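Hello,

Here is the structure I promised to pass on to you. Please have it open while you read, and my notes will follow underneath.

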Amino acid sequence: LHHVTRLNELSFASLRANMDVDDVKNPFVVCLSQLVGLSAHEYDAIRSSSFKVFDKISSRFASKIVPTVKSLIAQLANPVRDMNTQTLVVEESNSSSAMYAKLSSTLHLLSRTKLLHRIEDDWQLTEPFLLSLSNSQSVISRFVVESDKREKLIKSATDLFVKYCDSWCHANVPASSRENFCVTLMTSALANTGVLDSVDPGDNINNPIVSVISTGIRFETFAAYILLHFIGHRNIAPSVSVWKWALASISRSTGQPSQNIALAALTRLAYTSAVIKLDLTVRAALAVVLDPLLDSSSWELLLRGISQCHHKVSDDGTSAQWSHGIDSILKASDFLKTVLPSRLTSIETERSVFSNKFRKNNAGIYFSLVQAGFVFSSPSQELAVQAVSKLFSVAGSLPSSSEGEASSNNTTCAELFAGILRALRDSASTVEYGVPLQKCFLDFFFKCTDKVSVEYAGQWAEALLFAYLGSPIGVDKSGLGDLLTTQLIEGFRNIVSGSAGDSTGGESDESFAKQGKILMFVRSLLLADNIACGVDKSESVIANRLVQLVVNGGTNVVSSYSTSRVEIAVILSILSDLDEKTTDKLLTVCETLDRVASTPTDVNDTAVVTGMNPEDSSPLASEVGTGMTSATLVSQEISQSTASKNAIETACFWTHRLVQRVPMGRCSSILLKLLAVLMVGAGHADLESAKKSHNSCMFTAKALVLNEFKDVEAVRDAFLGGVVSLLQSLSQHSSWHVRETVMICLNIVMINNWSVLTVASKKQCKEVFEFGLVQDTKPEVQKLAQVGMVAYLSMKPARELQTIAEAFVRNSEALATREKKRKKAGGGSGEAKPDAVYTTTVTMMACVVLALPYDLPSYLPSLLTSLLRHVTVTAFKDMVTKTVQLFRLTHQDRWEEFKLLFSREQLEDLQGAGAAHYFS
């Protein structure tokens, strides 16, 4: 070993020269065989050294590792047989300790990554590896007596199988091996799961739900996963016993891992039977097994087992699944369970929209069973109604003793509903989806959803999404929708027309939940129909009907329930993503929101800005003389304020969805209208509503990055011009909170879109900031306007900035001289307020100084010293001082370089400004 570990002295060239030599004589193969033997030595030091040397050498000669892998697999299957001579080992070496060392070293070496990849790539190694590993429990129990050592070996075998599953490899079975190895391996796996490949004549052959003999959770899981490997392979037809095993394993209400794997197997079996024409003999044999499923007791056991297979969560919200190793196998099983193509689930709905508990693959089981002809015995609609009613009756009566079981049963019912309805609506269905069947689905749907919470209703919304994805609702075999869609659209009409309160019991908790569920179901139908119509390139009848209802609903579109407002906003955002004609109709809804939200703003704001008397501006004071009582007026004012807040919240939700999900060019007109509502809402008297509006305006402004606009430039320029014009029109609003929001949003929009703004829009930005700087009375707005003006000037070219600076310097000198003469003529008595020209000049000079931080162009020293001449004016003292302080902060790192650009007189002026400690 010491010699072998000295890799630099080992002549690899000599070994490579003998690569074509027989494996028995090849020195490298012989060396590896000896290392494998030493890895089972009784001394720990020798075993650990053997593993290290084996890893170093085996990586150099990967092509010659196959004989060693074969011998290791054979040793795992029968450790008493010598791996080199294939003869039985003498009895002295058959002690429990020796067998433990040999099996431990074998499992340890097989778990090496390089060896495992070699096994996965070669089916001649994969088949005996899986066979030996699935039988390793009986081998360990036979040759190892000590319970602690036996448990360690079983854990090592589990880890090895988990490592194999972690790669998510699917068995790559060559055509030449399908008749021999596959049958052997599947038969062995079936035996380890407790179901033999033949049925005893004494068994009840008419009952597919037979008992399963457990061989232990770990190795039963291995055998189940091995069976799952082969289902779906071309030209490998699973026997009837595989169907029986899957049904029997699922029907055990124990929640074991093999139950989840069996569910994945049943999914693959059902789907392959639906898409592949089975042999008549095989179909006849399957009929014997599956026909009894028409019996209620069999379906009850099967549905109860499927309900057990749903993901479980403990009371504290954490995962309550098995250990990491078993979970890895289940994760790989879920990967193999994904058999439904995107045409059945749609790429857009591949992820859950309403609930993560609903499993599309589970719904695909029932869909595939119906399509394969295993659910309905004949195309007769009368018999189909009886079968569906029986199934729904069994599903609706599943027992539950806890919240988790109730949730799983609800999900199972939703998956059963979705799968069968999808199959009946499919064009290939032999059973007509007529009114009697529609009534069965309608009754079962509302029976299951009427009493559940909004959270549980999300699973049924997922069920509707899956069921109606197949074909557009308006052009299926049932005509203009079915009974269920008609009922849901009618419920939506009641909500947006204002008559839902009467039918649901007024403003109660039950009414709140019912509205939320109906709106969620309608949203699901709209999504499904939009996707189906997009595939078929047809017009959505559901979308057109919903647009008509929300337009005619008027102010009733603004719901008094928060969850309903969210759902309505989401529905409106989906409708906004349709054609231009639909978008124009939805502008009416935007105008309705604007009208409802436009209640008087904060009275204090109005009085401060306009000088009005707060009592005169109150609607209460103006109506006292009309004969209305004070209590009535207060009640009306509270009602209007509540409706206004609800309208603002609806606009916020709608705007967020548009910005996140819909292209700007498709919803620009709607977004502009909503932005106007939110801007005015920023000045609402209710603090929470004002904050929501303010945040939504900022969110929208940040999203308006249109440098890479997908549509034509004319649409982009019109949209950006509309936004800037809107902000300019609100820059003199009576509420300073609105003006504050305008300054922030305009600054964001200008900076993010400067390169594509038109000249007119840039001029508007300057006018807004200039007005805020000079004429606004609120210091908060003035500061934001100054920030915006600095950003505006920083976008200008250097030559244009120089021209602006030189002009301001000339004006500044003239104004400073005029101010000096005025003070001298007045004898220093009092100080008049500077006029607008004087204020604008000084303010703009401060902005130009701050426009280029960390740099010092040639015109800046003279501009800065000219600005300092106005520090003696009381109105400008704070502004000039703060400007000099900011200049000091941004230029102090390079001041030794920058001060060379100032003349002696200019530096003296800076020192006289109270900055001698820095500028000297």
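Below is what I found, starting with confidence and then going through the aromatic residues, the core and a few single residues.

First, a word on how far to trust the coordinates. This is a predicted model. The mean pLDDT of the protein is 76, with 73% of its residues at 70 or more. Confidence is highest in helix H37, at 92, and lowest in helix H32 (residues 619–623), where the mean is 39. Two stretches deserve some care when you look at them. Over residues 502–507 the pLDDT stays under 50, and the model has seven contacts for them beyond four places in sequence. Residues 914–920 are also below 50, and that stretch has 14 contacts beyond near neighbours in sequence.

Now to the aromatic rings. The count comes to twelve aromatic pairs. One of them joins Phe392 and Phe441 in an edge-to-face arrangement, with 5.2 Å from centre to centre and 80 degrees between the planes. Phe392 belongs to helix H20 (residues 381–396) and Phe441 to helix H22 (residues 435–449), so this pair ties together parts that are 49 residues apart in sequence. Are these two rings buried or exposed? Phe392 is buried, at 5% relative accessibility, and Phe441 is buried too, with a relative accessible area of 0%. Both belong to a cluster linked by ring pairs, whose members are Phe392, Phe417, Tyr433, Phe441, Phe444, Phe445, Phe446, Trp460 and Phe521.

Rings also come together with a charge at Arg422. Its charged end sits over the ring of Phe466, 5.2 Å from the centre. The charged end of Arg422 sits over the ring of Phe367 as well, 6.0 Å from the centre of that ring.

Phe441 comes up again in the largest nonpolar core. This core has 247 residues, and those that touch the most other members are Tyr225, Phe376, Phe417, Phe441 and Trp654. Helix H37 (residues 736–752) gives the most to the core, with ten residues.

Finally, here are three single residues to click on.

Ser355 lies in the loop between helix H18 (342–345) and helix H19 (360–371). With a relative accessible area of 9%, Ser355 falls under the 20% limit and is therefore buried. Its side chain reaches the backbone nitrogen of Lys357 at 3.3 Å. Which residues does Ser355 contact once neighbours within four places in sequence are left aside? They are Gly458, Gln459 and Glu462.

Ser729 is found in helix H36 (residues 713–729). Its relative accessibility is 53%, over the 50% limit, so Ser729 counts as exposed. A polar atom of the Ser729 side chain lies 2.6 Å from the backbone oxygen of Leu726. Ser729 and Val768 are 39 residues apart in sequence, and their C-alpha atoms are 9.1 Å apart in space.

Tyr854 sits in the loop between helix H41 (836–850) and helix H42 (860–868). Tyr854 is exposed, with a relative accessible area of 57%. What is its phi angle? Phi of Tyr854 is near 70 degrees, a positive value in a residue other than glycine.

I hope this helps you find your way around. Do write back if you would like to go through any of it together.

Best wishes

Notes: Residues are numbered from 1 along each chain as its sequence is written. Side-chain values use heavy atoms; hydrogens and water are left out. Helices (H or I, at least four residues) and strands (E, at least two) are DSSP runs, numbered from the N terminus. Buried means under 20% relative accessible area, exposed over 50%, partly exposed in between (1.4 Å probe, protein chains only). A polar contact is a pair of N or O atoms within 3.5 Å; within protein, one must be able to donate a hydrogen and the other to accept it, and residues adjacent in sequence count only if both atoms are side-chain atoms. Contact means heavy atoms within 4.5 Å. Rings of Phe, Tyr and Trp (its six-membered ring) pair if their centres lie within 6.5 Å; planes under 30 degrees apart count as stacked, over 60 as edge-to-face and the rest as tilted. A charge sits over a ring if NZ of Lys or CZ of Arg is within 6 Å of the ring centre and within 35 degrees of the ring normal. A nonpolar core is a set of buried Ala, Val, Leu, Ile, Met, Phe, Trp, Tyr and Cys residues joined through side-chain atoms within 4.5 Å. pLDDT is the predictor's confidence in each residue, from 0 to 100.
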